[in-house]
Amino acid sequence: MQLTVFRGSPRTKRGNTETLVGDLIRGFTEVDGGSLDVHYLNTESRRREAAEAFARSEVALIAFPLYVHAMPGIVMTWLEMLEPVDPGRNVKLGFIVQGGLPEARQSRFVEAFLERLPARLGCEYLGTVIRGGVEAMQFAPAFLFRAMHGAFVDLGRELAASGQLDRQIIARLASTETLSRWRCGFYNTMKALGIADRSWNRMMKKNGCLAECFDRPYAPAPEDAGDRA
Ligand SMILES: Cc1cc2nc3c(=O)[nH]c(=O)nc-3n(C[C@H](O)[C@H](O)[C@H](O)COP(=O)(O)O)c2cc1C
């Protein structure tokens, strides 16, 4: 089987997407010696190459981090470049969405879009893997993530063996759907104390965009809003 993987993180090889996809590929190649093609989407030329690879693919996986409850702009820009494939080729298409915050629920909105995308592109939908709490991999002890890495390896093995993304493993990986009450209380307290926003504010300051952080560039212009009222 030929597997083509598209990695949609702007952090490319330093990112968490890379690590999780690496686990899946390890499991896949253990079982299937078939060819593997990997693409990044972080530059225009790479996106063009990746679009050509998509047209040739047999089983395709698109993996990306959740940025502000949505896919990164580089992924959307690339998706808009894709042409539908011939449905007779039975190309299979699946997705991996991973985020820093623990609850899976925030990825359900992008999942609803991803569920409809394969049909629009002439492909069969394989499913969407959702995993939260991933950014903690950068600083928390490795043993906390052993089960998660194992599940991604298993997912790769199953994909190679059956050509499908295993539903039970997908459910296992989604783990926490919503935050527990005590966790909400904890985050609300952090927010009230100004601790929760500190690192975001630092990042925005460093990038010179703190003053614009509440801008709404895609909000309807006031006259459009009036038309709709
Ligand atoms: C600008 C920005 C926005 C983010 N928004 C979300 C979000 O809405 N939900 C979430 O769970 N994680 C969010 N994250 C965290 C990333 O999804 C998380 O760190 C992810 O593992 C990064 O993957 P990567 O290293 O492959 O880029 C955000 C991170 C950044 C930098």
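## Exercises with worked solutions

Ile170 is found in helix α6. The model is predicted: local features need pLDDT of at least 70, side-chain atom pairs count only at pLDDT 80 or more, and totals for chains, interfaces and linings use all residues. Residue numbers start from 1 along each chain as its sequence is written.

**Exercise 1.** Describe the surroundings of Ile170.

*Solution.* Begin with burial. A residue is buried if 20 or more other C-beta atoms lie within 10 Å of its own, exposed if 12 or fewer, and partly exposed in between, with C-beta atoms placed from the backbone. Ile170 has 19 other C-beta atoms within 10 Å, so it is partly exposed. Next, look for contacts (C-beta atoms, placed from the backbone, within 7 Å). Leaving out residues up to four places away in sequence, Ile170 touches Gly127, Val129 and Leu165. Last, take a distance. Arg131 is 39 residues from Ile170 in sequence, and their C-alpha atoms are 8.7 Å apart.

**Exercise 2.** Count the helices and strands, then give their order.

*Solution.* Helices (H or I, at least four residues) and strands (E, at least two) are DSSP runs, numbered from the N terminus. The protein has nine helices and five strands. Along the sequence they follow the pattern β-α-β-α-β-α-β-α-β-α-α-α-α-α. Now check the overall size. The radius of gyration is 19 Å, close to the 17 Å that the globule rule gives for 229 residues, so the protein is as compact as a globular protein of that length. The radius is taken over C-alpha atoms, and the rule is 2.2 Å times the number of residues to the power 0.38. The C-alpha atoms fill a box of roughly 55 × 50 × 30 Å along the principal axes. Of the 229 residues, 31% count as buried.

**Exercise 3.** Where do the two domains lie, and how many Å separate their centres?

*Solution.* Domain 1 covers 3–174 and domain 2 covers 181–228. These bounds come from an automatic or database domain assignment. Over C-alpha atoms, the centres are 28 Å apart.

**Exercise 4.** Set helix α5 beside helix α7: which residues of each are buried?

*Solution.* Check the lengths first. The expected span of a helix is 1.5 Å times one less than its number of residues. Helix α5 (residues 146–162) has 17 residues and should span 24 Å; its end C-alpha atoms are 24 Å apart, which agrees. Helix α7 (residues 181–192) has 12 residues and reaches 16 Å, close to the 16 Å expected. Now turn to burial. In α5 the buried residues include Met148, Phe152, Leu155 and Leu159. The buried residues of α5 pack against α1 (16–31), β5 (124–131) and α6 (167–174). In α7 the count of buried residues is zero. Finish with what follows each helix. Gly163 comes after α5 with a positive phi near 75 degrees. Gly194 comes after α7, and its phi is positive, near 80 degrees.

**Exercise 5.** Examine Ala63 and Ile130 as points in strands.

*Solution.* Ala63 lies in strand β3. It has 23 other C-beta atoms within 10 Å, so Ala63 is buried. Beyond four places in sequence, its contacts are Val5, Arg7, Gly8, Thr17, Val21 and Ile96. Val21 is 42 residues away along the chain, with 7.4 Å between the C-alpha atoms.

Ile130 lies in strand β5. With 26 C-beta neighbours inside 10 Å, Ile130 counts as buried. Its contacts beyond four places include Val97, Ala104, Leu173 and Ala174. Arg56 is 74 residues from Ile130 in sequence and 26 Å away, C-alpha to C-alpha.

**Exercise 6.** Assess the positive phi values of Thr12 and His69.

*Solution.* Most residues other than glycine have a negative phi. Thr12 has a positive phi of about 35 degrees, although it is not a glycine. Thr12 lies in the loop between β1 (3–7) and α1. It counts as partly exposed because it has 15 C-beta neighbours inside 10 Å. His69 has a positive phi near 60 degrees. Its loop runs between β3 (59–65) and α3 (73–79). His69 is exposed, with 12 other C-beta atoms within 10 Å.

**Exercise 7.** How many residues surround the ligand, and how do they divide by type?

*Solution.* A residue is near the ligand if its C-beta atom, placed from the backbone, lies within 6 Å of it. There are 18 such residues, and the closest are Ser9, Gly15, Pro65, Gly99 and Gly100. By type, six are nonpolar, 10 polar and two charged. Here Ala, Val, Leu, Ile, Met, Phe, Trp, Tyr, Cys and Pro count as nonpolar, Asp, Glu, Lys and Arg as charged, and the others, Gly among them, as polar.

How values were computed: Two residues are in contact if their C-beta atoms, placed from the backbone, lie within 7 Å.
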